[in-house]
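This report is an introduction for a reader who is meeting this structure for the first time. Please keep the sequence and the 3D view at hand while reading.

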Amino acid sequence: MDDYNRRYGAALAELEKAGIRGVKANPLSNRLLRRLGLKPRPPNYQTFLRVWLTQGLSFGIPWGLIMWIWVWRQDGQSIATSVTLAALAGTLFGLGFAVINSNRHKRHRLSRWTDL
């Protein structure tokens with residue numbers, strides 16, 4: 001077993017012991033990325049900045065596109081304003097998710113990824 005798989009297994013065991021289960025421990029996005037051969041860390045073991053960016057982008061881009069197609073385009077809103085609003089929404093969503101994730105990590109006294 002390689003180092004990544006050993007750490008991932010140890011992380012899931014630690015999360016289970018802490019009472020963190022299901023999608024909070026091993027979200028669908030991680031399972032899909034792992035099937036594609038990539039090596040993502042569980043969200044609870046990612047850095048604050050990485051969680052902020054990945055969650056912000058994964059929310060802001062689709063939300064902005066949906067809003068542009070269904071609302072903003074019909075209202076005559078400029079693309080620059082639409083991009084700004086989508087970026088702001090993604091930034092706030094990602095920041096909120098990163099804060100929650102960071103607090104969960106501290107509250108359950110989870111190990112650092114490098115210490116697993």
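The sections below describe a predicted model, beginning with its nonpolar core and ending with its salt bridges.

## The nonpolar core

Ten residues make up the largest nonpolar core, namely Y4, Y8, A11, L15, I20, A25, Y45, L110, W113 and L116. One of these core members, L116, can be followed further through its contacts: when neighbours within four places in sequence are left aside, L116 is in contact with R6, R7, A10, A11, E14, Y45 and S111. Among these partners, A11 and Y45 are themselves listed in the core.

## A buried asparagine and a buried proline

N44 is found in the loop between α2 and α3, and, with a relative accessibility of 2%, N44 counts as buried because the limit for that class is under 20%. Which residues does N44 touch, if those up to four places away in sequence are not counted? They are L15, I20, K24, A25, N101, R104, H105 and L110, and among them L15, I20, A25 and L110 belong to the largest nonpolar core. The C-alpha atoms of N44 and A13 are 13 Å apart in space, while 31 residues separate the pair in sequence.

Another loop, the one between α1 (3-17) and α2 (28-35), holds P27. Its relative accessibility of 12% places P27 in the buried class as well. P27 and P43 are 16 residues apart in sequence, and the distance from C-alpha to C-alpha is 8.1 Å.

## Helix α3 and its two kinds of surroundings

Helix α3 covers residues 48-75, and a kink of about 55 degrees, centred on W68, is found in this helix. Within α3, the residues V51, G56, G60, G64 and W72 are buried, and what covers the buried residues of the helix includes α4 (79-107). Just after α3, G76 takes a positive phi of about 80 degrees.

The surface of the model also carries a nonpolar patch, formed by L49, L53, L57, I61, L65, I66, I69, W70 and V71, and together these residues have about 910 Å² of accessible area. Is L57, one of the patch residues, buried or exposed? L57, which lies in α3, counts as exposed because its relative accessibility is 52%, and the exposed class begins over 50%.

## Salt bridges

Side chains of opposite charge can pair when their charged atoms come close. A search of the whole structure finds five salt bridges, and three of the pairs are described here.

K39 forms a salt bridge with D2, and the closest N and O atoms of this pair are 3.3 Å apart. The pair links distant parts of the chain, since K39 lies in the loop between α2 and α3 and D2 lies in the segment before α1, with their positions 37 residues apart in sequence. K39 counts as exposed at 52% relative accessibility, whereas D2, with a relative accessible area of 31%, is partly exposed.

R6 is paired with D3 in a salt bridge whose closest N and O atoms are 2.6 Å apart. Both residues lie in helix α1, three residues apart, which is about one turn of the helix. R6 counts as partly exposed at 37% relative accessibility, and D3 is also partly exposed, with a relative accessible area of 39%. R6 also appears among the contacts of the core residue L116. The side chains of E16 and R21 meet in a salt bridge as well, with a distance of 3.0 Å from N to O; E16 is partly exposed at 42%, and R21 is partly exposed at 49%. Salt bridges that share partners join D3, R6 and R7 into one network.

Key:
Residues numbered from 1 in each chain as written. Predicted model: local features only at pLDDT ≥ 70, side-chain atom pairs only at ≥ 80, totals over all residues. Heavy atoms only, no water. Core = buried A, V, L, I, M, F, W, Y, C linked by side-chain atoms within 4.5 Å. Buried < 20%, exposed > 50% of the residue type's maximum accessible area, 1.4 Å probe, protein only. Contact = heavy atoms within 4.5 Å. Patch = residues over 30% accessible without salt bridge, like charges linked within 9 Å, V, L, I, M, F, W, Y side chains within 5 Å. Areas by Shrake-Rupley, 256 points an atom, 1.4 Å probe, with all protein chains shown as cover. Salt bridge = Lys/Arg side-chain N within 4 Å of Asp/Glu carboxyl O. Helix = DSSP H or I, 4+ residues; strand = E, 2+ residues; numbered from the N terminus. Bend = angle between axes of the 7 residues up to and from the residue.
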